[in-house]
Amino acid sequence: MVVWAEYQTAGRGCGTNQWESERGKNLTFSILIHPKDLPATQQFHISMAISLAICEALEQYIGDVSIKWPNDIYWRNGKIGGILIENTLKGSIIMESIIGVGLNVNQRIFKSNAPNPVSMWQICEHETDREALLKEILEAFERTLGSKIREQYLSKLYRRKGYHPYADKEGAFMAEIVTVEDDGHLMLHDDNGKERRYAFKEVQFII
């Protein structure tokens, strides 16, 4: 089941983050799925699948699309899309998953204090058919959901090559991405030769 809202009065991201979306300009939609025998330990597969599906659809319109771990969609150094996934478990199995997506499509100006939003209109300077784009995303998602996609996901990661600035509770440091583990943890290798392992929200990308 897919629900597409023309406007959200209280769009939200992870934690206390808010999502700004001008009425009738963007894609704000949720997908309800019932995975078949997917253990909770493999829930990150859903995140990889929807991230790759959005990238595949966007690449028909724009280049330089990547996934900022774990599942923000980036164009160069700007955030063009965000994803929020909420799972319901039955024992150790995922019974259902709601995948919320916000994608900046035809919005020209952003008024919130978000640091780096960008839209397809700002990149292309023309409007995009949102319904056609949504259809392309859903078709790509169906293809990727049951596939082995970990290597594809790793190849699309933002900052997947070279050393870049990050920060954790101990302060700022330079590091390169080693991998993302099956359960979604990010592995970094800092410029002092130390390996660092993070769950979501434990490390910040300095942009």
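**Entry 1: Arg197 and Glu181**

I began with Arg197, which is partly exposed at a relative accessible area of 46%. I kept in mind that I was reading a predicted model. Which residue forms a salt bridge with Arg197? I found Glu181, with the closest N and O atoms 2.8 Å apart. The two residues belong to distant parts of the chain, 16 residues apart: Arg197 is in strand 10, and Glu181 is in the loop between strand 8 (171–180) and strand 9 (186–190). Glu181 is also partly exposed, since its relative accessibility of 24% lies between the cut-offs of 20% and 50%.

**Entry 2: Asp168 and Arg196**

I then looked up Arg196. Arg196 makes a salt bridge with Asp168, and the closest N and O atoms are 3.0 Å apart. This pair also links distant parts of the chain, with Asp168 in strand 7 (residues 164–168), Arg196 in strand 10 (residues 195–198), and 28 residues separating them. Are Asp168 and Arg196 buried or exposed? I noted both as buried.

**Entry 3: Lys79, Asp72 and Lys68**

I went on to another salt bridge, in which the side chains of Lys79 and Asp72 meet at 3.4 Å, N to O. Asp72 has a relative accessible area of 15%, so I entered Asp72 as buried, the cut-off being under 20%. Lys79 has a relative accessible area of 22% and is partly exposed. Lys68 joins Asp72 and Lys79 in a network of salt bridges. For the structure I wrote down a count of 13 salt bridges.

**Entry 4: the open sheet**

In what order do the strands of the open sheet of 6 strands stand? I read the order as 1-2-6-5-4-3, with antiparallel pairing. Strand 1 (2–5) and strand 3 (65–68) are at the edges with a single partner strand each, so each has one side without a neighbour in the sheet. From one strand to the next the twist averages 20°.

I checked one pairing inside this sheet. Strand 4 (residues 72–75) and strand 5 (residues 78–90) run antiparallel and are joined by 3 bridges. Ile73 has Gly81 in strand 5 as its bridge partner. As background, I noted that strands of a sheet pair through backbone hydrogen bonds, either parallel or antiparallel.

**Entry 5: strands 7, 8 and 9**

I followed the chain through two hairpins. Strand 7 and strand 8 pair antiparallel over 5 bridges, and the hairpin they form has 2 residues between the strands. One bridge that I traced sets Ala167 against Ala172 in strand 8.

Strand 8 and strand 9 also pair antiparallel, over 5 bridges. Thr179 stands opposite Met187 in strand 9. How many residues lie between strand 8 and strand 9 in their hairpin? I recorded 5 residues there, and Gly184 in this hairpin takes a positive phi near 100°.

**Entry 6: helix 1 and the core**

Helix 1 (residues 44–58) has 15 residues. From first C-alpha to last, helix 1 reaches 21 Å, close to the 21 Å expected at 1.5 Å a residue. Why do I call helix 1 largely enclosed by the rest of the structure? I do so because 14 of its 15 residues are buried.

I next looked up the largest nonpolar core, which has 52 residues. Helix 1 gives the most to this core, with 11 residues. Leu58 and Tyr153 have the most contacts inside the core. I listed what Tyr153 touches, leaving out residues up to four places away in sequence: Phe44, Met48, Leu52, Ile67, Trp69, Pro70 and Val180. In soluble globular proteins, nonpolar side chains tend to be buried together.

**Entry 7: helix 3**

I closed with helix 3 (residues 130–145), which lies across strand 1, strand 2 (27–33) and strand 6 (93–103). Helix 3 runs at about 30° to strand 2.

I picked out Arg143, whose place is in helix 3. Arg143 has a relative accessibility of 47% and counts as partly exposed. How far apart in space are Arg143 and Ala53? I noted 8.2 Å, C-alpha to C-alpha, for two residues that are 90 residues apart in sequence.

How values were computed: Residues are numbered from 1 along each chain as its sequence is written. This is a predicted model: local features need pLDDT of at least 70, side-chain atom pairs count only at pLDDT 80 or more; totals for chains, interfaces and linings use all residues. Side-chain values use heavy atoms; hydrogens and water are left out. Helices (H or I, at least four residues) and strands (E, at least two) are DSSP runs, numbered from the N terminus. The expected span of a helix is 1.5 Å times one less than its number of residues. Buried means under 20% relative accessible area, exposed over 50%, partly exposed in between (1.4 Å probe, protein chains only). A salt bridge is a side-chain nitrogen of Lys or Arg within 4 Å of a carboxyl oxygen of Asp or Glu. Two strands pair if DSSP finds at least two bridges between them. Axes are lines fitted to C-alpha atoms, for helices over the stretch in contact, and angles run from 0 to 180 degrees between N-to-C directions. Contact means heavy atoms within 4.5 Å. A nonpolar core is a set of buried Ala, Val, Leu, Ile, Met, Phe, Trp, Tyr and Cys residues joined through side-chain atoms within 4.5 Å.
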